[in-house]
Amino acid sequence: MTIQVKDIMGRVAIAVGRDASFADLVTTMRRFKVGAVTVIDADRRPVGLVSEDDLLIRETAGQDAGGVPFECGFSGVLLGGLGHRQERRQERRKATGTVAGEIMTSPAITVTTATPAREAARLMHTHRIKQLPVIDAVTGRIAGTVHQRDLLKVFLRPEEDVRRDVELSLRRLRLPGGQVTVAVEAGVVTLGGEVARRSQVAPLLEAVREIDGVVDVRGAPAFRSDDLARVPAPYL
């Protein structure tokens, strides 16, 4: 079973309008004990996110972190310089902004209720954020929030549920029952037993690693036939 955002999300969305003041943003974060708030438009569709980091940029405004060459004969350095200048302009905009629409990071990175929990975790890791607005797939309106702490629930699945999903993977890979042994403890799956061919081992390990709640996979079944062994070229 693939755990989706709808299985772990919070149904309450902490959101503000584009015209929310700096003081409103600070008050909202402190009141609800969150590190970020979603900015929505008049139709309740997320348009950006204001995090504590966005607010703290005001404290570091005017501090130059050092320049990057803008004009250079090498296009790679030129592009890096352009990117740096754009980032600095965005930081200046946030530092001088007075309302959410000016301070926010945009566009908003969102998920739907049907997004797999693993994908939500990947988005948080990639974009270095700790929460994501959850939107209705049809209307695009905000429907809740999924937090980093919500995703940690995935790794607290009952051992019998994880075992059942491992056994389901065995059937999908058409591996006869009883050939592969499975042990689950604290999210760690230990595999043993035997399969017919070496080429069956890697797909099995990959499938088990993708199961929600699996922290690590240890061991591997033995194989009777090495169908991946290279046949020496004939000597001429």
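These are my notebook entries on one predicted model, written as I looked things up.

**Entry 1: the whole chain**

I started with the overall layout. The chain has eight helices and ten strands. Its length is 236 residues, and 34% of them count as buried. I then looked up how far along the sequence the contacts reach: taking those between residues at least 6 apart, 58% join residues at least 24 apart. For the surface, I noted about 14700 Å² exposed by the chain, with carbon and sulfur atoms supplying 53% of it.

**Entry 2: the S4-S5-S6 sheet**

Next I went to a sheet. In what order do the strands of this open sheet stand? The order is S4-S5-S6, three strands with mixed pairing. I took the two pairings in turn.

S4 and S5 run parallel and are joined by two bridges; S5 covers residues 131-135. Here I found Val111 opposite Val134 of S5.

S5 and S6 are antiparallel partners, with five bridges between them. Leu132 has Val146 in S6 as its bridge partner. The hairpin of these two strands has six residues between them, and in it Gly140 takes a positive phi near 80°.

Which strands stand at the edges? They are S4 (111-112) and S6 (142-147); each has a single partner strand, so one side of each lacks a neighbour in the sheet. I also checked the cover on S6: five of its six residues are buried, so I wrote this strand down as mostly covered.

**Entry 3: the nonpolar cores**

I turned to the largest nonpolar core, which has 17 residues. Which members touch the most others? My list reads Val166, Val180, Val182, Val189, Leu191, Leu204 and Val208. Two or more residues of this core come from each of H7, strand S7 (180-185), strand S8 (188-197) and helix H8 (201-209). H8 gives the most, with four residues.

I picked Leu204 for a closer look. Leaving out residues up to four places away in sequence, Leu204 touches Leu170, Leu173, Leu175, Val180, Leu191 and Pro221. Another core lies apart from this one; it has 15 residues, including Met9, Leu123, Ile129 and Leu151.

**Entry 4: Ile57**

I wanted one residue in helix H2, so I chose Ile57; the helix spans residues 52-60. Is Ile57 buried or exposed? Its relative accessibility is 17%, and because the cut-off for buried is under 20%, Ile57 counts as buried. Beyond residues up to four places away in sequence, Ile57 touches Glu91, Lys94 and Ala95. I looked up the Ala95 pair as well: the C-alpha atoms of Ile57 and Ala95 are 5.5 Å apart, although 38 residues separate the two along the chain.

**Entry 5: a patch at the surface**

Then I went outside. Leu152, Phe155 and Val215 form a nonpolar surface patch, and together they have about 300 Å² of accessible area. I found Phe155 in the loop between helix H6 (148-151) and helix H7 (159-172). With a relative accessible area of 42%, Phe155 is partly exposed.

**Entry 6: salt bridges**

A reminder to myself before this search: side chains of opposite charge can pair when their charged atoms come close. How many salt bridges does a search of the whole structure find? It finds eleven. I followed up three pairs.

- Asp150 pairs with Lys153, the closest N and O atoms being 3.6 Å apart. Asp150 counts as buried at 7% relative accessibility, whereas Lys153 counts as partly exposed at 45%.
- Arg157 forms a salt bridge with Asp165, and their closest N and O atoms are 3.0 Å apart. Both Arg157 and Asp165 are buried.
- Arg164 forms a salt bridge with Asp161, with 3.1 Å between the closest N and O atoms. Why are these two about one helical turn apart? Because they are three residues apart in helix H7. Arg164 counts as partly exposed, with a relative accessibility of 46%.

**Entry 7: looking back over H7**

I closed by collecting my notes on H7. This helix is among the elements that give two or more residues to the largest nonpolar core. H7 also holds the Arg164 and Asp161 pair, which forms a salt bridge. Phe155, from the surface patch, sits in the loop between H6 and H7.

Notes
Residues are numbered from 1 along each chain as its sequence is written. This is a predicted model: local features need pLDDT of at least 70, side-chain atom pairs count only at pLDDT 80 or more; totals for chains, interfaces and linings use all residues. Side-chain values use heavy atoms; hydrogens and water are left out. Buried means under 20% relative accessible area, exposed over 50%, partly exposed in between (1.4 Å probe, protein chains only). Contact means heavy atoms within 4.5 Å. Patches are made of residues with over 30% relative accessible area and no salt bridge: like charges are joined within 9 Å, nonpolar side chains (Val, Leu, Ile, Met, Phe, Trp, Tyr) within 5 Å. Accessible areas come from the Shrake-Rupley method with a 1.4 Å probe; for residues, only the protein chains shown count as cover. A salt bridge is a side-chain nitrogen of Lys or Arg within 4 Å of a carboxyl oxygen of Asp or Glu. A nonpolar core is a set of buried Ala, Val, Leu, Ile, Met, Phe, Trp, Tyr and Cys residues joined through side-chain atoms within 4.5 Å. Two strands pair if DSSP finds at least two bridges between them.
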